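Visitor: I'd like to go through this one and ask how each label is earned. Can you walk me through it?

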Amino acid sequence: MSNEVLASQTVSIPFFTEEKSKSIDGPEILKKQSLISGWRKEFVELQFRLTIISVAIKSYNNPWNWIYVTATLDKLRRKAIGQHRLHKLSNVNNRYYWGLYTPGWNGTVFQKFIASEMNRVVPVKQKVNQFNSVYVAITKKCSLQCEHCYEWENLNKKEVLTAEQLKTIVAKIQERGVSQILFSGGEPLLKVDLLVDLLNGANKETDFWVLTSGFKLTQENAKNLKSVGLNGVMISLDHFDPETHNNFRGFKDAYYWVEKAVQNAINNQLVVALSICVTKEFTTFENLMTYSNLAKKMGVSFIQILEPRAVGHYSGKEVSLSMEQISLLENFYLEMNYNSKYNNYPLICYHGYHQRRQGCFAAGNRSFYVDTDGDINACPFCQKKSGSVLDSNFDVSIKKLQNSGCHQFV
């Protein structure tokens with residue numbers, strides 16, 4: 001993919017129609033999240049590296065390990081992305097983000113995350129997190145009928161988990177240490193009071209996220225969730241064209257919810273990512289660039305690219321991308337993240353790129369999924385129950401999950 005082709009894309013994108021900007025949330029004031037580059041980025045990165053060295057010194061008595069472990073972590077990074085270096089970082093609420101699933105620098109959550117990764121190389125002295133990220137589905141309820149929904153068979157059935165059981169699930173995961181907990185559903189914001197309750201009762205050594213369609217992410221709800229410890233939101237936007245997105249989601253106002261949710265989250269200093277499951281029909285260069293231009297205009301920090309899987313509503317369908325399309329996604333990911341010409345575009349998170357080079361980090365390795373029954377699964381797209389978080393043999397179930405693994409990337 002040539003730089004000239006990337007640079008030539010200029011697209012007119014619909015954003016906040018005049019009628020709908022005069023909503024109950026008040027007049028629209030468009031804000032953007034900050035992306036830093038140049039000397040500011042280099043200065044933050046220097047401090048980031050000094051923090052890693054500091055964590056190493058606290059973690060090991062042997063000075064040799066200070067050098068060996070940090071060098072090994074850097075080697076693992078290079079294995080995934082080669083010699084590429086990011087030229088930009090996201091800055092939200094005085095924390096700096098390199099990746100969507102890496103806690104922002106600096107603070108307790110970030111330092112525990114680094115110590116946990118060091119522990120995988122050489123055991124450290126202190127207690128570390130067992131998991132990087134855990135998805136917890138808190139409700140079966142949803143107002144949409146999304147084309148790619150992985151929870152399709154469970155939507156709008158009778159709830160199984162009580163509020164107290166969900167608190168217990170969060171507590172048990174936090175006891176074992178976790179950098180991020182991501183609340184999903186269904187649509188988790190249909191249970192916004194429950195979310196506030198869960199966040200209020202949780203310890204603050206974890207970053208918390210919500211995966212949402214944008215429905216009910218009002219100014220008030222965003223403010224309340226931020227006040228009790230929410231760190232960020234991943235908002236699903238499946239197309240840059242409003243009508244196409246609405247049809248994909250099965251609701252006429254779905255695109256509008258995304259518009260409003262993005263601004264309400266940004267206004268309340270939540271990290272914002274747009275998440276898209278790219279279909280065969282969508283995956284062209286022109287569509288990816290148009291989507292990125294929209295994300296840039298909306299002012300978000302990240303774009304998450306997911307590949308379709310034949311689960312849920314896609315079960316039994318041939319939805320996998322071609323090798324040519326996968327190659328296109330990989331080149332697009334590298335170009336948008338590591339070419340300094342695109343420093344003012346959101347960072348791209350594309351799991352498939354890393355998983356094809358390092359293997360899947362789910363299935364209890366660094367991550368797993370808790371479904372709406374409280375059962376443990378490898379990930380949201382690889383649902384094979386392996387016991388319940390609420391059982392006394394939770395740790396045995398995690399070990400079983402680790403042995404069975406997640407789906408393979410080719």
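Guide: Let's start with Cys 149, which sits in the loop between strand 4 (131–137) and helix 6 (163–176). Helices (H or I, at least four residues) and strands (E, at least two) are DSSP runs, numbered from the N terminus. This is a predicted model, where local features need pLDDT of at least 70 and side-chain atom pairs count only at pLDDT 80 or more, while totals for chains, interfaces and linings use all residues. Residues are numbered from 1 along each chain as its sequence is written, and side-chain values use heavy atoms, with hydrogens and water left out.

Visitor: Why does Cys 149 count as buried?

Guide: Its relative accessibility is 15%. Buried means under 20% relative accessible area, exposed over 50%, and partly exposed in between (1.4 Å probe, protein chains only), so Cys 149 counts as buried.

Visitor: What makes Glu 45 and Arg 85 a salt bridge?

Guide: A salt bridge is a side-chain nitrogen of Lys or Arg within 4 Å of a carboxyl oxygen of Asp or Glu. For Glu 45 and Arg 85 the N to O distance is 2.5 Å, so the pair meets that rule. Glu 45 lies in helix 3 and Arg 85 in the loop between helix 4 (63–81) and strand 2 (88–92), so the salt bridge ties together parts that are 40 residues apart in sequence.

Visitor: Are Glu 45 and Arg 85 buried or partly exposed?

Guide: One of each: Glu 45 is buried, at 9% relative accessibility, and Arg 85 is partly exposed, at 35%. Both also belong to a salt-bridge network with Lys 41, Glu 42 and Arg 49.

Visitor: How do you know that Glu 164 and Lys 167 form a salt bridge?

Guide: Their N to O distance is 3.4 Å, so the 4 Å limit is met here too. Both residues lie in helix 6, 3 residues apart, about one turn of the helix. Glu 164 has 51% relative accessible area, so it is called exposed, whereas Lys 167, with 28%, is partly exposed.

Visitor: What makes strand 10 (347–350) and strand 12 (376–377) edge strands?

Guide: The open sheet has 9 strands in the order 10-9-8-7-6-5-4-11-12, with mixed pairing. Two strands pair if DSSP finds at least two bridges between them. Strands 10 and 12 each have a single partner strand, so one side of each is left without a neighbour in the sheet.

Visitor: How do you know that strand 7 and strand 8 pair?

Guide: Strand 7 (residues 230–236) and strand 8 (residues 271–277) share 5 bridges in the parallel sense, so the requirement of at least two is met. Among the bridge partners are Ile 235 and, in strand 8, Leu 274.
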